[in-house]
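This report describes the fold, the packing and the surface features of a single protein chain. The sequence and the structure are shown first.

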Amino acid sequence: MIFFGNKFPLPKHEGLKEILSEPNTFVLYPGKKACNIVEVKQSLSYKPESYNLVLIDGTWKQAKSMYFHSTMLHLLPQVSLLVWF
């Protein structure tokens, strides 16, 4: 699903609040608390069939603003991607 806006969730984002409340939901966002997504998957005591990964699309400045203004995203575990070259 794709939701448009600058603050999440809003009433116009039907179903998003429920998705963000699911225990298998993560936000792709760098930070001190971010873990590698592969490590997170391996460390889970439960094995959900699927995951919800929230991607914030925009410039870095826009993404920071969206994250800052979307306090429900602050409750989600932060994950990062490990890139191998």
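Which residue of β4 does Cys35 stand opposite? The partner of Cys35 is Val79 in β4. This pair belongs to the sheet described below, and the model from which it is taken is predicted.

## Overall architecture

The chain contains 3 helices and 4 strands. Read from the N terminus, these elements follow the order α-β-β-α-β-α-β. The chain has 85 residues, and 28% of them count as buried.

Contacts between positions distant in sequence can be stated as a share. Among contacts in the chain with a separation of 6 or more, 70% come from residues 24 or more positions apart. One pair with such a separation is Leu55 and Leu28, which lie 27 residues apart along the chain and have C-alpha atoms separated by 5.6 Å.

## The sheet

The 4 strands form an open sheet with parallel pairing, in the order β2-β4-β1-β3. The edges are taken by β2 (35-36) and β3 (52-55); each has a single partner strand, so one side of each is left without a neighbour in the sheet. In general, the strands of a sheet pair through backbone hydrogen bonds, in either a parallel or an antiparallel manner.

The pairings can be followed across the sheet. At one edge, β2 pairs with strand β4 (residues 78-80) in the parallel sense over 2 bridges, and the residues Cys35 and Val79 stand opposite each other there. Strand β4 is also joined to β1 by 2 bridges, again with the strands running parallel; here Gln78 in β4 is the bridge partner of Val27. Strand β1 (residues 25-28) in turn pairs with β3 in the parallel sense over 4 bridges, with Phe26 standing opposite Leu53 in β3.

## The two faces of β3

Side chains alternate along β3: Asn52 and Val54 point to one face and are buried, whereas Leu53 and Leu55 point to the other face and are not buried. Leu55, which is placed in strand β3, has a relative accessibility of 57% and therefore counts as exposed, the cut-off being over 50%.

## The nonpolar core

The largest nonpolar core consists of 13 residues, and those with the most contacts inside it are Leu20, Val27, Val54, Ile56, Tyr67, Leu73 and Leu76. Two or more residues of this core come from each of α1 (16-20) and α3 (60-69). The greatest contribution is that of α3, with 3 residues. As a general tendency, nonpolar side chains in soluble globular proteins are buried together.

Which residues does Leu73 contact, leaving aside its neighbours within four places in sequence? The contacts of Leu73 are Leu20, Val27, Val54, Ile56 and Tyr67. These five names also appear among the core residues with the most contacts.

## The largest pocket

The largest pocket has a volume of about 520 Å³. Its lining comprises 19 residues, of which Met1, Ile2, Phe3, Val54 and Leu55 lie nearest the centre. The elements giving two or more residues to this lining are α1 and β3, and β3 gives the most, with 4 residues.

By class, the lining is made up of 14 nonpolar, 4 polar and 1 charged residues. Val54 and Leu55 both lie nearest the centre of this pocket, although along β3 the side chain of Val54 points to one face and that of Leu55 to the other.

## A cis peptide bond and a buried serine

Most peptide bonds are trans. Phe8 and Pro9, however, are joined by a cis peptide bond, with omega at about -15°. Pro9 is located in the segment before α1.

Is Ser70, in the loop between α3 and β4, buried or exposed? Ser70 has a relative accessibility of 0% and so counts as buried. Apart from its neighbours within four places in sequence, Ser70 is in contact with Asn6, Lys7 and Phe8. Phe8 thus links the two features of this section, since Phe8 is in contact with Ser70, the cut-off being heavy atoms within 4.5 Å, and takes part in the cis peptide bond with Pro9.

Note on methods:
Residues are numbered from 1 along each chain as its sequence is written. This is a predicted model: local features need pLDDT of at least 70, side-chain atom pairs count only at pLDDT 80 or more; totals for chains, interfaces and linings use all residues. Side-chain values use heavy atoms; hydrogens and water are left out. Two strands pair if DSSP finds at least two bridges between them. Buried means under 20% relative accessible area, exposed over 50%, partly exposed in between (1.4 Å probe, protein chains only). A nonpolar core is a set of buried Ala, Val, Leu, Ile, Met, Phe, Trp, Tyr and Cys residues joined through side-chain atoms within 4.5 Å. On a 1 Å grid over the protein atoms alone, a cavity is a set of points where a 1.4 Å probe fits but cannot get out, and a pocket is an open set with protein on both sides within 12 Å along at least five of seven lines; lining residues have an atom within 4 Å of a point. Grid points are joined across faces, edges and corners, and a volume is the space filled by probe spheres set on the points. Ala, Val, Leu, Ile, Met, Phe, Trp, Tyr, Cys and Pro count as nonpolar, Asp, Glu, Lys and Arg as charged, and the others, Gly among them, as polar.
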